[in-house]
Protein chains: 2
Amino acid sequence: MATGRTHRPATRSRGIPEATVARLPLYLRALTALSERSVPTVSSEELAAAAGVNSAKLRKDFSYLGSYGTRGVGYDVEYLVYQISRELGLTQDWPVVIVGIGNLGAALANYGGFASRGFRVAALIDADPGLTGKPVAGIPVQHTDELEKIIKDNGVSIGVIATPAGAAQQVCDRLVAAGVTSILNFAPTVLSVPDGVDVRKVDLSIELQILAFHEQRKSGEETAAGDGALPAAVTPRDDSTDQGPDGDVPAVMPA
Amino acid sequence: MATGRTHRPATRSRGIPEATVARLPLYLRALTALSERSVPTVSSEELAAAAGVNSAKLRKDFSYLGSYGTRGVGYDVEYLVYQISRELGLTQDWPVVIVGIGNLGAALANYGGFASRGFRVAALIDADPGLTGKPVAGIPVQHTDELEKIIKDNGVSIGVIATPAGAAQQVCDRLVAAGVTSILNFAPTVLSVPDGVDVRKVDLSIELQILAFHEQRKSGEETAAGDGALPAAVTPRDDSTDQGPDGDVPAVMPA
DNA sequence: GTGTGTGAAGCATTTCACAGCC
DNA sequence: GGCTGTGAAATGCTTCACACAC
């Protein structure tokens with residue numbers, strides 16, 4: 001439906017809730033898989049299960065994008081893939097630089113999920129001269145001295161920091177000064193950036209700590225410890241069909 | 001699905017809100033840094049800045065743990081480190097196995113943040129016989145066939161999956177069957193697990209997509225594209241002093 | 001009948017703002 | 001006087017439940 005009204009409805013100018021934005025990539029991944037299997041349409045129930053959320057949430061999320069479904073039928077897979085891609089800005093190609101080519105940086109460089117989703121690794125950068133010129137994932141590593149030039153020549157606006165914590169802020173400052181306005185930070189440090197620059201962080205040890213917290217309460221049954229503190233015991237968290245944590249948080253990659 | 005019951009009345013009594021749990025590791029990291037510099041006390045304002053959140057939120061978070069501060073003064077650094085560590089279950093040692101020793105698995109094995117935080121890499125596991133016996137981060141890789149034995153012999157309850165997406169569910173099933181009850185998943189797939197098992201996921205391409213979404217609206221403006229319509233705004237995001245994207249909810253999940 | 005789209009209700013989290021203790 | 005701890009208000013997110021379109 002589109003044609004007629006397209007008003008961006010309602011949702012007021014602000015747009016789409018952050019929580020919804022964080023789930024769009026999940027829907028997109030599930031839809032892409034369906035698309036590859038040539039499935040023409042899906043119901044909110046099926047898609048929700050594939051994405052690991054519940055259907056009411058999914059329908060609500062989609063309602064912020066517009067009315068892209070057909071009552072009594074479901075959603076057209078291809079059409080939704082396109083709409084979500086567009087909403088996320090993936091119909092354009094984003095050049096990305098990865099700074100810090102250690103184990104993690106190399107893992108990121110090799111991550112296939114980039115290219116397939118509108119991202120292109122424009123350059124790999126490391127401060128170690130010994131790495132300069134050496135190819136990683138087919139791309140030669142360049143020295144940090146070139147950072148500013150690389151950013152400018154390639155029109156890079158998204159940078160990934162995979163350096164040790166001690167170097168992160170400095171790298172961040174240089175990226176920002178060179179024009180980067182979105183940063184994905186893997187270093188365990190809080191980065192400070194000027195207004196207008198977005199930072200998202202992924203911290204492996206934080207995720208593990210959160211798991212440890214819940215793990216601790218499972219075996220500990222008595223609840224008691226101390227005083228009445230824990231809730232009931234065994235079942236700690238919730239219930240729904242959701243799998244994702246996400247609401248936001250962290251994020252990922254495979255290798 | 002799930003459910004039958006549901007609603008755990010949740011966090012009632014002493015239960016700590018998920019959003020708070022997700023921030024405790026941040027506070028702990030900031031406090032550890034202060035501790036290393038031998039700083040004896042901090043105010044909520046200072047600590048909040050170091051952790052990248054605002055002070056009201058931090059005080060509220062701490063209020064769920066108890067009254068560990070001193071009015072007019074602030075918090076005792078060492079004491080808080082201890083209390084938070086205890087709350088997170090880090091005063092005990094958690095053996096962890098990493099399955100899938102590709103670039104990412106190797107990066108995780110080498111990640112120093114583990115050992116320093118109550119986690120111990122008990123074993124590295126990979127399906128490639130060519131890797132068996134080869135040391136990574138000083139630990140010899142073991143073959144997948146040994147998975148169940150390793151889990152049991154070491155009393156492992158937390159597993160990290162860093163395999164390709166196609167192998168993830170299978171690995172997950174084996175981990176769970178062998179007794180693992182918390183899983184950190186780096187593979188871009190939704191895992192299904194029985195009730196009582198927590199899964200957290202980290203997905204790099206999702207994080208990048210979220211950045212792309214915001215990036216798009218910055219320069220955006222012209223926008224147009226197609227039919228839809230982006231809102232107008234140039235500056236969409238944010239505001240506060242927080243750095244994390246997080247806002248979101250974190251994640252745990254049962255399944 | 002079937003499954004979407006969405007007000008309205010229900011919860012959770014954040015922020016405010018100030019009383020209370022040092 | 002300074003800074004914590006916390007009710008209460010504000011905001012944001014999720015779930016419910018049902019009218020409506022197909």
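**Exercise 1. Find the strands that β9 of chain A runs beside.**

Solution. Start with strand β9 (residues 182–185) of chain A, which is joined to β10(A) by four bridges, the two strands running parallel. This is a predicted model, so keep that in mind as you explore. Next, pick out one bridge: Ile183(A) has Val199(A) as its partner in β10(A). Now step back to the whole sheet, which is open, has seven strands in the order β6-β7-β5-β4-β8-β9-β10 (chain A), and shows mixed pairing. Reading that order, β9 stands between β8 and β10. Finally, look at the edges: β6 (135–136) and β10 of chain A each pair on one side only.

**Exercise 2. Name the strands of this sheet that helix α7 of chain A touches.**

Solution. Helix α7 spans residues 165–178 of chain A and packs on the sheet. Its contacts are with β4 (94–99), β8 (158–161) and β9 of chain A. To finish, compare directions: that of α7 makes about 170° with that of β8(A).

**Exercise 3. Sort the residues of β10 in chain A by the way they point.**

Solution. The strand covers residues 198–201. Put Asp198(A) and Arg200(A) in one group, since they point one way, and Val199(A) and Lys201(A) in the other group, since they point the other way. Then check burial: all of these residues are buried.

**Exercise 4. Describe how helices α1 and α4 of chain A meet.**

Solution. First locate them: α1 is residues 18–36 and α4 is residues 77–88. Their axes come within 9 Å and cross at roughly 145°. The crossing is left-handed. On the α1(A) side, the contact includes Leu24(A), Tyr27(A), Leu28(A) and Leu31(A), while the α4(A) side includes Leu80(A), Val81(A), Ile84(A) and Leu88(A). Last, sort the contact residues by kind: 11 are nonpolar, three polar and two charged.

**Exercise 5. Work out which parts of the two protein chains surround each DNA strand.**

Solution. Take DNA strand C to begin with. It has 31 residues around it, and the nearest are Gly69(A), Gly72(A), Pro17(B), Arg71(B) and Gly72(B). The elements that each supply at least two residues are α2 (44–51), α3 and β3 (74–76) of chain A, together with α1 (18–36) and α3 of chain B. α3(A) gives the most, with five residues. By kind, the surface near DNA strand C has 11 nonpolar, 12 polar and eight charged residues.

Now turn to DNA strand D. Here 29 residues surround the strand, the closest being Pro17(A), Arg71(A), Gly72(A), Gly69(B) and Gly72(B). This time, α3(B) contributes the most, again with five residues. The division by kind is nine nonpolar, 12 polar and eight charged.

**Exercise 6. Decide whether Gly105 of chain B is buried or exposed.**

Solution. Gly105(B) belongs to helix α5 (residues 103–110) of chain B. Count its neighbours: there are 28 C-beta atoms inside 10 Å, so Gly105(B) counts as buried.

**Exercise 7. Find what is unusual about the phi of Ala137 in chain A, and say how exposed the residue is.**

Solution. Recall that most residues other than glycine have a negative phi. Ala137(A), however, has a positive phi of about 55°. The residue lies in the loop between β6 and β7 (139–143) of chain A. Because 18 C-beta neighbours lie inside 10 Å, Ala137(A) counts as partly exposed. In chain B, Ala137(B) also has a positive phi, near 55°.

Terms used
Residues are numbered from 1 along each chain as its sequence is written. Chains are lettered from A and ligands numbered from 1 in the order in which they are written. This is a predicted model: local features need pLDDT of at least 70, side-chain atom pairs count only at pLDDT 80 or more; totals for chains, interfaces and linings use all residues. Axes are lines fitted to C-alpha atoms, for helices over the stretch in contact, and angles run from 0 to 180 degrees between N-to-C directions. A crossing is left-handed if the near helix is turned anticlockwise from the far one by less than a right angle, and right-handed if clockwise. Two residues are in contact if their C-beta atoms, placed from the backbone, lie within 7 Å. Ala, Val, Leu, Ile, Met, Phe, Trp, Tyr, Cys and Pro count as nonpolar, Asp, Glu, Lys and Arg as charged, and the others, Gly among them, as polar. A residue is buried if 20 or more other C-beta atoms lie within 10 Å of its own, exposed if 12 or fewer, and partly exposed in between; C-beta atoms are placed from the backbone. Two strands pair if DSSP finds at least two bridges between them. A residue is near a molecule or strand if its C-beta atom, placed from the backbone, lies within 6 Å of it.
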